[in-house]
Amino acid sequence: MKLSVERKPVRVNPDPKRVIARFFFNGNDRAKEVLERVISISEEEAFSIISPLLQEYSKRHRNITRVLNRHCSKLKPLLAELNIDYDTLTVYRKLLIGSYFTHEYSIESAAFFNPSIIQDPDQTELSEGERRVIMSFRAVGEGHISSITFRRALIDKNNEITVLPAGNYIDEAEIVRNAVYNKKLFFDKAAITQINIDVLNELEAKLDHHFEYSNLRRIIIDSQKLQESDMKKLEYDKVLWLADSYYEIVFSLDTDISDRVIFPISEYERKGIEDARFVEFITDDGSCIYYATYTAYDGALIMPKLLQTTDFYNFKIMPLYGAGAQNKNLALFPRKVNGKYVMISRIDGCNNYIMYSDKINIWEKPILLQKPKFSWEFVQIGNCGSPIETEHGWIVITHGVGPMRRYVLGASLLKLEDPEVEIGRLREPILIPNSDEREGYVPNVIYSCGSIINNNKLIIPYGLSDYSTSFAEIDLDELIAKFKEDAIVTKKEKKQVAV
């Protein structure tokens, strides 16, 4: 029996018009020169420059004056060095200064792909068989910098999908750094980032077992003052960059979900936030938390991180720890199994592993779950999002990499209460890039970060050659039957080999 897969006639493409206003800084010396020039002009000239800018850019950003004021305030230390009193600057002068240190960044000008999908917390005013969903995407702009963006979509009773139009504005969140750090976990993570061991030992000795960001920052600044070597000072900065990996972000309540972008914030993710795998996690008391695992990338180091939210306005972000929190492809199960959190990972870049934990951010003792078996996955096998629970077992959509570095999608079935047991694995891919899907930012790649079941159909959103996104649908009963059929064939082959 050949498995029937329906490709949906829906395509979500990148939109270069979606821009955010970011802080622009070219170093202290050049910044001081610009500040001196802006300060030197008259109030009348300052007003004549900023007034048309505000009129033009207010059409492109929700509150451009707030952005410009925020960017101006970042320059207070440099203004003080120039003996300029920030508090005496006029409103328009501050806005003008802010404008010279602001640039627009098109977050999805290059690509919009690798989606995940979860049920929207709001399921009101829907007809039977309909479902409202939230989708996350990996958006890529200039410099191959990735961020997380969102869309809302509606699945109707016939499983037709409508992705709702995005809003006219995009907002970055306010950043809140109020974490309390566990010293042992923090310095265990620091040790694998190749920070100078003497610096780590010095700071560790000066900190309490639990410490706050402000304490660490004060100790680092004091320690840097005693150093003459710029290279040694950089090592202290790296510790602060790691601390910056823990933060909370808050979006304004007047934003649509399509207006919210999670852009790289800490130095350890400055080159991108990649492939978020969102999952609706059901806690022991039946309440719901939305988690996402993602990869932070600084251009050299990969750091797996965890994001959590209950409302998609407030997000808490932290690194993941342990021998199992390495490399890419971490995907959390949507509930505990036998009292433990469960995660799939690909710590060696080739095979799928499974691991269990009492704490959601600490992952040790990974257990080998799957190796490449078929020719279309000989290079590597990995997951394409969190496992999906059914009465028959956990469905795991996988990706396989084969000849010509072609990425295809496969599927496996794991035992419900013992997910180390693979009940079945499809012998053939469920989705291969066709002629309409193989051209893009990275050719011959289809990839997903999460799927959903609706009306007994498995709906898989997937990225097309790292450029845009589409959808596929598979009947759930047919998929389960195919698992069983392929399992029988595999057993027969094993018997023949044994004989």
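This chat goes through the pockets, the cavities and one sheet of a predicted model.

Q: What volume does the largest pocket have?
A: About 1,200 Å³. This is a value from a predicted model.

Q: How many residues line the largest pocket, and which lie nearest its centre?
A: The lining has 33 residues. Nearest the centre are Arg22, Lys74, Ile175, Arg177 and Ile265.

Q: Which helices and strands each supply at least two residues of that lining?
A: Among the strands, look at strand 2 (19–23), strand 3 (102–106), strand 8 (174–176) and strand 12 (261–262). The helices are helix 3 (64–73), helix 8 (213–225) and helix 9 (230–243).

Q: Which one gives the most?
A: Helix 8, with 4 residues.

Q: How do the lining residues of the largest pocket divide, nonpolar, polar and charged?
A: There are 16 nonpolar, 5 polar and 12 charged residues.

Q: Next pocket. What is the volume of the second largest?
A: About 410 Å³. The second largest pocket is lined by 18 residues. Closest to its centre are Glu280, Pro334, Ile388, Ser451 and Ile452.

Q: Which strands each supply at least two residues there?
A: Strand 4 (111–119), strand 13 (272–282), strand 22 (388–390) and strand 27 (452–454). Strand 13 gives the most to the second largest pocket, with 4 residues.

Q: And how does the lining of the second largest pocket divide by class?
A: Into 10 nonpolar, 4 polar and 4 charged residues.

Q: Switching to cavities. How many are there of 30 Å³ or more?
A: The count comes to 2. The largest cavity has a volume of about 110 Å³, and the second largest holds about 50 Å³.

Q: Which residues line the largest cavity?
A: From the early part of the numbering, Ile20, Ala21, His61, Arg62, Asn63, Arg66, Val67 and Arg70 are in the lining. Ile170, Asp171 and Glu172 also line the largest cavity.

Q: Which elements give two or more residues to it?
A: Strand 2 and helix 3. Helix 3 has the largest share, 3 residues.

Q: How many of the residues lining the largest cavity are charged?
A: 5 are charged. The others divide into 4 nonpolar and 2 polar.

Q: Where does the largest cavity lie relative to the domains?
A: It lies between domain 1 (5–14 + 107–174 + 247–498) and domain 2 (19–106), because both give residues to the lining.

Q: What about the second largest cavity, which residues line it?
A: Its lining includes Asp275, Arg277, Thr293, Tyr294, Thr295 and Pro304. Also there are Lys305, Leu320, Asn327, Lys328, Asn329 and Leu330.

Q: Which strands each supply at least two residues of that lining?
A: Strand 13, strand 14 (288–297), strand 15 (302–309) and strand 17 (328–332). By class, the lining of the second largest cavity has 4 nonpolar, 4 polar and 4 charged residues.

Q: Strand 17 is in a sheet too. What is the strand order?
A: The order is 17-18-19-20 in an open sheet of 4 strands. The pairing is antiparallel.

Q: Which strands stand at the edges?
A: Strand 17 and strand 20 (367–370). Each has a single partner strand, so one side of each is left without a neighbour in the sheet.

Q: By how many degrees are neighbouring strands of this sheet turned against each other?
A: By 30 degrees on average, direction ignored.

Q: How many bridges join strand 17 to strand 18?
A: 3 bridges, and strand 18 covers residues 341–346. One pair to look at is alanine 331 with isoleucine 344, its bridge partner in strand 18.

Note on methods:
Residues are numbered from 1 along each chain as its sequence is written. This is a predicted model: local features need pLDDT of at least 70, side-chain atom pairs count only at pLDDT 80 or more; totals for chains, interfaces and linings use all residues. Side-chain values use heavy atoms; hydrogens and water are left out. On a 1 Å grid over the protein atoms alone, a cavity is a set of points where a 1.4 Å probe fits but cannot get out, and a pocket is an open set with protein on both sides within 12 Å along at least five of seven lines; lining residues have an atom within 4 Å of a point. Grid points are joined across faces, edges and corners, and a volume is the space filled by probe spheres set on the points. Ala, Val, Leu, Ile, Met, Phe, Trp, Tyr, Cys and Pro count as nonpolar, Asp, Glu, Lys and Arg as charged, and the others, Gly among them, as polar. Domain bounds come from an automatic or database domain assignment. Two strands pair if DSSP finds at least two bridges between them. Axes are lines fitted to C-alpha atoms, for helices over the stretch in contact, and angles run from 0 to 180 degrees between N-to-C directions.
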